[in-house]
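Colleague: I would like a close look at one part of this model, the place where the two chains meet. Please start with the strand pairing there and then work outward into each chain.

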Amino acid sequence: MDVDKVPELEIPDKLSTRDGICLAGNFITNSKLSFSAFRNITRQTKDVPSPYANKEDVKVFHLQPNFIFDDPILRTLIGEANGIFVTLQELQKDGNKQDYVKISRTYRSIIRACLEKLQEAVDTSEEYQNFITILYSIECIWHLSEILFIDPIPSNVVTPQLLEWTRFHFPAAERNATDLLLHGRDADESEEYWPSVKGLILQGQIDVARAILQLHSMSESNAFKMAEQILKSMPSYNIYGGLSVQKFRSQWQYWLTDTERKLSTGIFATEPDLEEIIYIIIGNTQTWNKFIKQSQNWYELFPGFLFFTDPACKSFELGTLAQCWINRWANIKDFAHSNFMKHLDKVILYLLESDIHKVLHSIQQIGDNQWFVTHLTDLLYNCGQLELIGENKLTDCEDFRLSLLFDFGSTLMARDSIWLLGINYLEQCGLEGEGAVKTLLSRIPVKNEKQALKVIEIAQGRGYIEVEHEICKIFAKRSMALGRPGNALDWAIRSKDTTYVTSITDFFLEHYSKTGEMLCEDVLSNIGAKMFVSPRLVFLVKYFDFYQFYRKKDFPAAAELLINLLDSKITPEFFWPSLLVDTIPLLESNIPQIPSKETAIILHHVESDLMPLIEKKKSKVRDNPEIPVEVIKHYRIENIEEIVKLLRLACARNISRAFIIENTQKNLVAC
Amino acid sequence: MVSLINTIDTGHEDIIHGAELDYYGLKLATCSTDGIIKIFDVKNGNQSLIRELKGHQGPVWQISWAHPKYGNLLASCSYDRKVIIWKEAGSDWIKIYEYNNHDSSVNSIAWAPYQYGLILACGSSDGSISILTCNTEFNTWECKKISNAHTIGCNAVSWCPSNVPDNMFESKTSSTRPPIMKRLTSGGCDNCIKIWKEENDRWIEENRLEGHSDWVRDVSWSSSIVIPKMQIASASQDRRVIIWSSDDFINWTSTILNTFDDVVWGVSWSLTSNILAVTGGDNKVSLWKTNVENQWICINEDASCASILT
């Protein structure tokens, strides 16, 4: 991975390479960009086809950063990491060191699990090798960061931890050692015997090495016995051992002189491999140089070298020591130019130098969509290390963390299936994050109602009412366009937008008055108290109730409701003809349903609402004789003039009938 | 790092001036010197032409999708002085409104934030800006005109996002919200950027931002609804992009984002307004972002710029 080079992508557009044409770019969303050839138009530009008309294809290009987490294996990583991230935020910077170490290890364990899954599947996809490289780097850097920053040893003596780190990342020697130990006696028959023992020694695993040496067929020989004695007596620096550094150094010096003397006796002449091991532990330059030549990475042997030469070194000395070691390593490996350091090599050096700026800078360039830098920065911030190593510039560190969380959250929210995870990151970013969540939530390309409901649920849970309303409005519009008015009405009611509800309600009423068909009865019968969002809807629901009563032949209830509706003042103008026509059968029914006073009300509306409406329509017809407008013609209304006559007549008949009944009843009471 | 997810061969006979995806990124509209508007379905990397809209008698400069709560609506403006509103009706697209009240080419159109209603701003070479408002209940359109907004011509219009003024002027003690103030910015051949606001049913000039020494080709109000600072990016033939910011609509401070090697034609904010894309005559599209020290840095030219902490 060459990170200093700006990644380039060639857009195959011939047109934009022509004279006077350039490529224009515009944002589509947060991560998508649209490109197309652009020609500047000025006042002087003539209104004729451009010189390139019909010569080149005119294309539009959409670009998007690669997103590695679409892969099912990596998807689990991002999901699990999200869970840990949330747990970490819950500590609110108030956990103890053990909490943070635990979180760091959990992060590392999911990376390891993911790596193992990738390794199993490596043959199925070409990309997997690339993912393995990326995740391996992340694991290695994270582990070292944990040792140095998240779980630092109080005394700053880090060699034992560094050795553990190399063992973890160069596990070959340890793995072979296990095989050899299982092999039992005469393990030296294996070809891997000496390389394994030396590998163990180079990683400071003295005890295991001794055990394997015991398995050698010649282990009873003098040379082996001597080696065992030297290894056994090697002083080891242990902060808990009570030895001061000075005391340890003098002990070491004594042991070293003694060992050199033993070597000079030539006791190991018959066992050159054994001799080499002793040379390793006394830090013999030539021997180490030989192993440097065989090593792959500069940091492979570095902790081991420290173990034999400077085991008490402190973490703040690591930078200088590493720099010296790298120079030596490069010299021996014959790397003349300075470019031999690959990305991971450099980051490890920056870590040992405790240069967190450079570390965080470099790990932004790992092709992982900023997953690693975001989570590591956040962890360092939470355990209070970011400000320490960031030279106490707290606000800078905070801003940096927030900008990472913001970008990462926005990236996730723009992806189809994991947008939900993005919210957790954005929610850490204050008002800015909340604004982004709102903007991005309403942009999630919801394909069906199920998805819409999911988005709405999330929006509701966070109190983003405007997002909920916006989505409802969109779905109301969409349902109407798809010819599903019942659905549209449901969505519109949820959106709480009165204008919207009213316009859809009108559609229902108009449809009814034109065809006599009541749409979506199941929806209407379930509206209940939600009808109060719009007076028009109240009218529709009440009218529907009337319609039901009438159908069930419950005429008294129907009549009462109809009169209420007539007098409700919420009747839409266009619905008067229909509503008044409904009164005719009730007025004309054999058993009188409408009392005199109510009949007068009907008559009043015929004269003061229906007649003006008819007049208005007529004048419209007169004004626009060329447009064929029917005055009022619905399924029940063939001729409106006839209807008016009928209404007046029915009212008159009913009122006379009602008078007789009412007066008789009064007389009866009087008697 | 970046990949091409769609290549759409538009089939236009001549150069295109606009290529806009709808709200959800599922439909693409393009407009061209050939006078035609095309609408494509773009799903899962495939595209198919749905419709060709013919109605303009000259190059079509810009197209713009309305918010989906108003249905599938597209506005277009052209050299033929017309603005047309198209609507998807079933499987067809119909012209629902045509506006003919400009004396010269209409260069730029922009739909207002949907919360204000269905409102379109149009900037023309005749120097005026028209604000077309639709009464969605009766489908009628009403027009207000800002005459002589920019001498010689208006090149670009862009709306202030709707949520900004609400929070800012809301006093904690009063429970009633002040009326939403609609604002609009425009850039023109008088080298100026102007900010307009609607007051008592009239559009008045609230501010005039002077800083460019040549025609302003594009203005873009950042879509960010939360950053307490409002930002407008402007691109000019003087090769500069300026970021104007304010937190009270009264005092605007300018920061020169960069002076480019060639004329800059366009500025475009990302959805959450944290990145600005700049299109220049030097055939380069550069992306800009502020670092933690609030400096603008180009993020696609130099890898080392990615460093934010140092």
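Modeller: In this predicted model, β3 of chain A and strand β1 of chain B, residues 2-9, run antiparallel and are joined by 7 bridges. One position in this pairing is A:His62, which stands opposite B:Asn6 in β1(B). As a general point, strands of a sheet pair through backbone hydrogen bonds, in either a parallel or an antiparallel arrangement.

A:His62 also leads back into chain A. Not counting residues up to four places away in sequence, A:Lys32 touches A:His62, A:Leu63 and A:Gln64. A:Lys32 lies in the loop between β1 and β2 of chain A. A:Lys32 has 19 other C-beta atoms within 10 Å, and a residue counts as buried at 20 or more, so A:Lys32 is partly exposed. For a sense of the span of chain A, A:Lys32 and A:Glu598 are 566 residues apart in sequence, and their C-alpha atoms are 66 Å apart in space.

The strand pair belongs to a wider contact region, in which 69 residues of chain A are in contact with 56 residues of chain B. On the chain A side, the elements that each supply at least two residues are β1 (21-27), β2 (33-39), β3 (59-65), α15 (356-363), α18 (394-413), α20 (430-441), α22 (465-481) and α24 (498-515). By residue class, that side of chain A divides into 30 nonpolar, 25 polar and 14 charged residues.

Of these elements, α15(A) deserves a separate word. The helix is largely enclosed by the rest of the structure, because 6 of its 8 residues are buried. The buried residues in α15(A) are A:Ile356, A:Val359, A:Leu360, A:His361, A:Ser362 and A:Ile363.

A:Ile363 appears again in the largest nonpolar core, which has 246 residues. Those with the most contacts inside this core are A:Leu351, A:Ile363, A:Ala476, A:Ala492, B:Ala121, B:Cys122 and B:Val278. The element that gives the most to the core is helix α3 of chain A, residues 127-150, with 12 residues. Around A:Ala476, the residues touched are A:Ala488, A:Trp491, A:Ala492, A:Ser495, A:Tyr500 and A:Ile504, leaving out residues up to four places away in sequence.

As for domains, chain A is divided into domain 1 (15-64), domain 2 (70-154 + 363-432), domain 3 (164-313) and domain 4 (554-671). The C-alpha centres of domain 2 and domain 3 of chain A lie 37 Å apart.

On the other side of the contact, chain B has 1 helix and 25 strands. Buried residues make up 48% of the 310 residues in chain B. Among contacts in chain B between residues at least 6 apart in sequence, 43% join residues at least 24 apart.

Two sheets of chain B can be followed strand by strand. One is an open sheet of 4 strands in the order β6-β7-β8-β9, with antiparallel pairing. The edge strands of this sheet are β6 (60-65) and β9, each of which pairs on one side only. The twist from one strand to the next averages 25 degrees. At one end, β6(B) and strand β7, residues 73-78, pair over 5 bridges, and B:Val60 has B:Ser78 in β7(B) as its bridge partner. At the other end, strand β8 (residues 83-89) and strand β9 (residues 92-99) of chain B pair over 7 bridges, with B:Glu88 opposite B:Trp93 in β9(B). β8(B) and β9(B) form a hairpin with 2 residues between them, and B:Gly90 in the turn has a positive phi of about 65 degrees.

The second is also an open sheet of 4 strands with antiparallel pairing, in the order β10-β11-β12-β13 of chain B. Here β10 (106-111) and β13 (140-146) are the edge strands. Neighbouring strands are turned by 20 degrees against each other on average, direction ignored. Strand β12 of chain B, residues 129-135, is joined to β13(B) by 7 bridges, and B:Ile131 stands opposite B:Lys144 in β13(B).

A loop residue of chain B completes the picture. B:Lys229 lies between β18 (216-221) and β19 (230-236) of chain B. With 13 other C-beta atoms within 10 Å, B:Lys229 is partly exposed. Apart from residues up to four places away in sequence, B:Lys229 touches B:Ser245 and B:Asp247.

Technical notes
Residues numbered from 1 in each chain as written. Chains lettered and ligands numbered in written order. Predicted model: local features only at pLDDT ≥ 70, side-chain atom pairs only at ≥ 80, totals over all residues. Contact = placed C-beta atoms within 7 Å. Nonpolar A, V, L, I, M, F, W, Y, C, P; charged D, E, K, R; others polar. Pairing = 2+ DSSP bridges. Axes fitted to C-alpha atoms, helices over the stretch in contact; angles between N-to-C directions. Domains from an automatic or database assignment. Buried ≥ 20, exposed ≤ 12 C-beta atoms within 10 Å, placed from the backbone. Core = buried A, V, L, I, M, F, W, Y, C linked by C-beta atoms within 7 Å.
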